[in-house]
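Thanks for coming, everyone. Please have the sequence and the fold open on your screens, and we'll walk through them together.

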Amino acid sequence: MSILSERMGLLSMTQLSLRNVDPKVLQEFKRFVLNKHGKLRGALSEEVTNALKFYLEFHNKHPYANLQKNLEKPRKKHIRLLLSLYYFDGDLITDRVLNKFIRDLGVVSKPTIRDYTNFALAFLWEEHVDRRTNPVTVYYSIRKDVIKEFLKKHGVEVEEKEPEKEEEKSEIRVEQKPKGIVIESDNGNGKEPPAISEVKEYAVERYEAGDSLEEIKDKIEEFGVPMSKRTLRSLIRKKLRKEGGV
């Protein structure tokens, strides 16, 4: 009997106690082990262990391992995430808002959040990184044309919003005021400082919308309420704890 015939016989005789394994893949794996060790007994279990270790390390160290699979066969939560991005009202979206969208889907584990984030980044474009905030804030533009095409490919049609007329946009910009802050009388600078409760409501609202502390601080100071970032952060935390019943 030739060495090749002997090896082929060993390949067919040795069994692996796993069900529903692709026979072609298993045969190729046995051939690999036989070529490497010259035997299957003992070496096969060793190489299966090594293969499993490599698989786990690969998926733990490579955050984009599942991206291609999710793009080819997105789940319902992937579709919901893209719809949230598509209908997001704004030119730019922050990483904090993106993270909120993902958590609103019921995703809680860090590896899964990472997978959903990587999926979303395929439809975003990094525009700016604000290193003045802690942690830093990343701003993305949303590639809505790409999202629309992707959703259509997977059987989801999006509803287009009616474009606003230029006059209507101008009127809205003039009349819009931050929610919860009322400016009525002139106290020397044309603005009346709002009550602290109104400042809290406004600060929490803008924080949950994804604004950085620096942005919120600047907006509040425009209404005559100077405040340090430390004080603002403490104010927001107290308000959130109170609303959460903590």
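Let's begin with strand 1, residues 92-94, which pairs with strand 3 in the antiparallel sense, over three bridges. Do keep in mind that this is a predicted model. If you click on I93, you'll find that its bridge partner in strand 3 is Y140. L92, for its part, stands opposite S141 of strand 3.

Now, what is on the other side? Strand 2, residues 124-130, is joined to strand 3 by six bridges, and these two strands also run antiparallel. W125 has S141 as its bridge partner in strand 3. So S141 is a handy landmark: L92 stands opposite S141, and W125 is bridged to S141.

Put those pairings together and you have an open sheet of three strands, in the order 1-3-2, with antiparallel pairing. Strand 1 and strand 2 are at the edges and have a single partner strand each, so one side of each has no neighbour in the sheet. From one strand to the next, the twist averages 35 degrees.

Let me stay with strand 3 for a moment. How many of the six residues of strand 3 are buried? Six of the six, across residues 137-142, so the strand is largely enclosed by the rest of the structure. You can check that face by face: T137, Y139 and S141 are buried on one side, and V138, Y140 and I142 are buried on the other. Both faces of strand 3 are covered, then.

How do we get from strand 2 to strand 3? Through a hairpin, with six residues making the connection. P135 sits in that loop between strand 2 and strand 3, and here is something to zoom in on: the peptide bond joining N134 and P135 is cis, with omega at about 0 degrees. As a reminder, most peptide bonds are trans.

On to the helices. Which strands does helix 6 lie across? Helix 6, residues 95-104, lies across strand 1, strand 2 and strand 3, and runs at about 70 degrees to strand 1.

Helix 6 also meets helix 7. Their axes come within 10 Å and cross at roughly 120 degrees, and that makes helix 6 oblique to helix 7. The crossing of helix 6 past helix 7 is right-handed. If you'd like to color the contact, select L98, N99, I102 and R103 in helix 6, and I113, Y116, T117, A120 and L121 in helix 7. By class, the residues of this contact are six nonpolar, two polar and one charged.

Helix 7, residues 110-121, has another partner to look at, which is helix 5, residues 76-86. Here the axes come within 11 Å and cross at roughly 50 degrees, which makes helix 5 oblique to helix 7. Helix 5 passes helix 7 in a right-handed crossing. On the helix 5 side you'll see K77, H78, L81, L82 and L85, and they meet Y116, F119 and A120 of helix 7. This contact has six nonpolar residues, one polar and one charged.

You may have heard a couple of names come back. Y116 and A120 are among the helix 7 residues that meet helix 5, and Y116 and A120 are also among those in contact with helix 6.

Let me finish with two loop residues further along the chain. Take G210, in the loop between helix 10, residues 196-208, and helix 11, residues 213-221. Is G210 buried or exposed? With a relative accessible area of 3%, G210 is buried. Leaving aside residues up to four places away in sequence, G210 touches T94, R96 and V97. That brings us back to familiar ground, as T94 falls in strand 1, residues 92-94, and R96 and V97 fall in helix 6, residues 95-104. There is also K100: the C-alpha atoms of G210 and K100 are separated by 9.0 Å, although the two residues are 110 apart along the chain.

The other one is M227, in the loop between helix 11 and helix 12, residues 229-244. M227 has 12% relative accessibility and counts as buried. Its contacts, again leaving aside residues up to four places away in sequence, are V199, K217, E221, L232 and L235. And from M227 to I216, eleven residues apart along the chain, the C-alpha atoms are separated by 10.0 Å.

That's my tour; I'm happy to take questions.

Terms used: Residues numbered from 1 in each chain as written. Predicted model: local features only at pLDDT ≥ 70, side-chain atom pairs only at ≥ 80, totals over all residues. Heavy atoms only, no water. Buried < 20%, exposed > 50% of the residue type's maximum accessible area, 1.4 Å probe, protein only. Helix = DSSP H or I, 4+ residues; strand = E, 2+ residues; numbered from the N terminus. Pairing = 2+ DSSP bridges. Axes fitted to C-alpha atoms, helices over the stretch in contact; angles between N-to-C directions. Parallel < 35°, antiparallel > 145°, perpendicular 65-115°, else oblique. Left-handed = near helix turned anticlockwise from the far one by under 90°. Contact = heavy atoms within 4.5 Å. Nonpolar A, V, L, I, M, F, W, Y, C, P; charged D, E, K, R; others polar.
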